[in-house]
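Reader: I'd like to go through this one with you and ask how each label was earned. Could you put it up first?

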Amino acid sequence: MRSEVKIILYPEIRKSKNGSIFEGLMRDILSTQGYTIQQNVNFTGLEIDLLANHTVRKEKLLVECKAKQKPKSTEIKNFHFNVFHKEADFGYFIHTEELDHQAAGLVAEMQGDEKYKKLSFIGSDRIIEFLINAEKVQHIGDSLLPKHENLYKKILAYTYFGIYYVIITSPDAVNKYYYIYDAKSLKELKDSEVEEIADKKNDRRLTRKKAIVHAIVELQDLEKKYYGVGQQLTISPGTPNIEISKEFEKYLDNPGANFAHPKVKEIKLDDIYISPDLKRITEKEEDVGEAKYKNLSSLLDSKLKSNNNVRLLFTGEDSSGKTALSKHLFKRCYYDNRIPIYVNCKDIKNVRSDYITRSVKEAYSKQYDNIQDYSTLSKESILLIIDDFHKTSKSRDDLQNQFLKNLVASYSNVILIGNELLKLKIWLFNGKDASSTFDEFEVYSLQEFGHKLRYKLVERWYTIGREDEIINTNDLRRKVKEAVSYINTIVGKNYIPSNPIYLLTLLQSIEAGTSRKTESTLHGFYYELLINQSLARSLSDKNDISLYYSFMTRLCEELFARDEDMLDETEFSELHKDFNKTLQVNTDKNEVLNTLCQARLLSVTENSIIVTHKFIYYFFVAKYLTNNITNQAIRNKIDEMCKKIYVEEYASIVMFLTHLSKDKYIVDCLLNNAKSIFEKEVVARIEGDVDRINTLINELPKEIIKLVDAKEVIEQELEEKDEVERLEKEVDETSEISADLQESDDIDSLDIFAKITLAFKTIEILGQISKKYWGEMSGEQKYTIISETYFLGLRTLSYYINFLSDNAKSIADHVKKIIVESKHLKDRVPNSQNITEVTNDLIFKLCFVASSGIIEKVANSVLRSMIVGYLYLFDIPIKKKQQLCQSFGITVSKQRAIDKKSRTKKKIKI
């Protein structure tokens, strides 16, 4: 007699509880093997992925359960990839029905191969055995089964209303075509019991029989044969079982840009969507103590599971992903048993309640199939997603507020999405009558992708279309790390927004092979690529790109000369008129402005025209300087910028200059400037010049490697970087740059930080020149640039070491004061002698970090740090780790058990 397991989940009305039903089954199974569930990774339909830890052994288990017909071989391959990708010690692939032919063959091959020994495949017989061992069900013996019947199949029905055995007879059955037994008591259910309501609290129309028959195809066929029931059994819960229309689903799947990927023909939004981080803008008394920043995913988890009304407002800059957010919200809410309805405010011409309702009804009818009469939908089940809220009635404040009042009066659950100007309106309305409507909403601002989300996006990109491949985790991690490093270089310090549209464009260029190596491009190539792509998408005639290049160069020249960041409409008109006259062309002002706005090179706010992003302004100013570099006034300006390269604007413009021009004058300016920086300092040799630093400690600090989970270390480092970046951004927003510092022509008058910044920026740009034009320079030119770059770094290091040495006592006294005054720090340092040791160690490490950051070839002590970083970030066999640690004097701590995957563990035979 064949066996199967059927998982019968809640119908649509209580769909949100299905995850717990599925998870309950997995918990029953895993408990017999000593595992506890740690994380529900994914739950969709009849599939669930879990991570579990062993209660005794330090083991991580990945579980994938497929409660559907005939899992495919591709799912087996994907399971194998996931076990290694998530760095699990073991993997369970649980399938409730037979595998298809190819999948069964693949599993047979894997089970005979030693390298797949950490993978176990669990079918229906083993599931039933596990549940018997967990005392969740009893074994049903032959003595309990009906006599004189030919039995065909035994099905364990794990349902939301109980656990049952369903025994199906063969087609020539004498009495009944199926029997149902309670799996715990082994009592056969009578007909009257089978017809009892399955879910008395929520749906009084669905009986146990209907629920079971609807889930088991054989029973449906037999019903037709024995009773002539021709219609398909359907579930009629309180909430309609509506489906998203195919046309609207295409819209939801569209990522909004034509991204090309070598592994797939078409990229869908779900393939690349990463939930963004949010910043809380409004705060109520009850919200005090909540995190200021949170991820969209965690916010939706809490809001959609709550019984309270959903009232959210998301704001974001242009290209921040607002449209993608609206699509993601729609799908997320739909799969969470809501009825989301998407409405774009540009389509709403009237703010009256009846007109709003009419617009929502029209949207509902277009976005769903198998729809129920709109008037019968409950107010609580509908969730409105209002996109482009800032476009309501041409942004008139009075009409916008009336629209919002009418909206919340008619609908319980509303999510608004609009631009950043909405934040300003909320603040302006604070204290006025209009603010009472906005006060009902929690307001969040979409944040640019930080280090953690960039890493996730890159990782997602490199796994698209590779579900059927077995990917080496370390190879993937190296590839991701390299791409992330490139992205971080390009993003710089707010050169371009770290938004998905820009990051994906870069990833696309890397994957397609159109980008050059990072070291040979740094900034210039990619930024120019972005500008070209933006213009190409906005122009019908690609030959006009040069014309718009010329206009943007003229506009940025004007802003640079004025030292301003915007033009008003009159100034823009005059500049356009002068441009036409100079080039003897006849372009239309509005067409030029609209095209540049569409290309996101310019934007219009209120009555001002501004350059959208910093890198665009820097690029076209450099373009102007390159075009006129033979002019003496321009050369003088370049010389001035090279001397003040510690100023962000000047450093960025000079960087683009080196990308656009090979003129020797730029290199000479940089070299002369480099020679003048710390010119009185002797080149550091890290010998006698560090004797005073060495006296601070008795022995070299030992590097201790902790064998921890590589993925956890990476995530922790990325989170720390994000936290530091947020703090720096908040400091930048509240601080003012000294105008006197920027205007100073005397290097000696700069403070230590400005001098070091000047040195590092010069090193960075000279390094770019040497790499970019390596094949075009003479040997003498190469030597001059490389030697001066190297010596500048060593003079900077010498200055830094001497500064710390000369001020060691005052620095130590200051650190001691901080420790003594801080209870948290003082508890870690129990006596004054230890405080002295801590401060001396800090000064020594400051010098150590400075040295390792400047010098390329370092002594063993520096190399040890590089090895430690390598061991943390990549999974290295334990023997190799021991060899490396022994060679470089690195101590392996006793936490080795955390990462150890012992080969002496008993293999679990399943």
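Author: Sure. To judge a helix's length, take 1.5 Å times one less than its number of residues as the expected span. And keep in mind that this is a predicted model.

Reader: What makes the span of α2 close to the expected one?

Author: Helix α2, residues 73-85, has 13 residues. Its first and last C-alpha atoms are 18 Å apart, and the expected value is 18 Å too. Just past α2, Glu 87 has a positive phi of about 55°.

Reader: Which residues of α2 are buried?

Author: The cut-off for buried is under 20% relative accessible area. In α2 the buried residues are Ser 73, Glu 75, Ile 76, Phe 79, His 80, Phe 81, Asn 82, Val 83 and His 85.

Reader: Why is Ser 124 called buried?

Author: The relative accessible area of Ser 124 is 11%. Buried means under 20%, so Ser 124 counts as buried. Ser 124 sits in helix α4 and touches Ser 3, Glu 4, Val 5, His 95 and Thr 96, leaving aside residues up to four places away in sequence.

Reader: How do you know that Ser 124 and Ser 3 make a polar contact?

Author: A polar atom of the Ser 124 side chain lies 3.0 Å from the backbone oxygen of Ser 3. The limit for such a pair is within 3.5 Å, so 3.0 Å qualifies.

Reader: And why is Asn 472 called partly exposed?

Author: Its relative accessibility is 41%. Partly exposed lies between the buried limit of 20% and the exposed limit of 50%, so Asn 472 belongs there. Asn 472 is in the loop between α16 (451-461) and α17 (473-491). Its C-alpha is 7.7 Å from that of Phe 84, although the two are 388 residues apart in sequence.

Reader: On to the sheets. What makes β1 and β9 edge strands?

Author: The sheet is open, with 4 strands in the order β1-β7-β8-β9 and mixed pairing. β1 (2-8) and β9 (178-182) each have a single partner strand, so one side of each has no neighbour in the sheet. Neighbouring strands here are turned by 20° against each other on average, direction ignored.

Reader: How do you know that β7 and β8 pair?

Author: Pairing takes at least two bridges. β7 (residues 151-159) and β8 (residues 162-169) have 8 bridges and run antiparallel, so they count as a pair. Leu 151 faces Thr 169 in β8.

Reader: Which helices lie across strands of that sheet?

Author: Helix α4 (residues 124-133) lies across β1, β7 and β8, at about 70° to β1. Helix α6 (residues 208-215) lies across β1, β8 and β9, at about 120° to β1.

Reader: What makes β21 and β23 a pair?

Author: They are joined antiparallel over 3 bridges, and at least two are needed, so they pass. Met 566 stands opposite Ile 610 in β23. The open sheet of 3 strands has the order β21-β23-β22, with β21 (566-568) and β22 (602-605) as the edge strands. Helix α21 (residues 545-562) lies across β21, β22 and β23, at about 100° to β21.

Reader: Last one: what angle and what distance describe the packing of α25 and α27?

Author: α25 (residues 632-643) and α27 (residues 664-676) pack at about 35°, with axes 9 Å apart. α25 passes α27 in a right-handed crossing. Among the residues that meet there are Ile 638 and Cys 642 in α25, and Tyr 665 and Leu 670 in α27.

Terms used. Residues are numbered from 1 along each chain as its sequence is written. This is a predicted model: local features need pLDDT of at least 70, side-chain atom pairs count only at pLDDT 80 or more; totals for chains, interfaces and linings use all residues. Side-chain values use heavy atoms; hydrogens and water are left out. Buried means under 20% relative accessible area, exposed over 50%, partly exposed in between (1.4 Å probe, protein chains only). Contact means heavy atoms within 4.5 Å. Axes are lines fitted to C-alpha atoms, for helices over the stretch in contact, and angles run from 0 to 180 degrees between N-to-C directions. A polar contact is a pair of N or O atoms within 3.5 Å; within protein, one must be able to donate a hydrogen and the other to accept it, and residues adjacent in sequence count only if both atoms are side-chain atoms. A crossing is left-handed if the near helix is turned anticlockwise from the far one by less than a right angle, and right-handed if clockwise.
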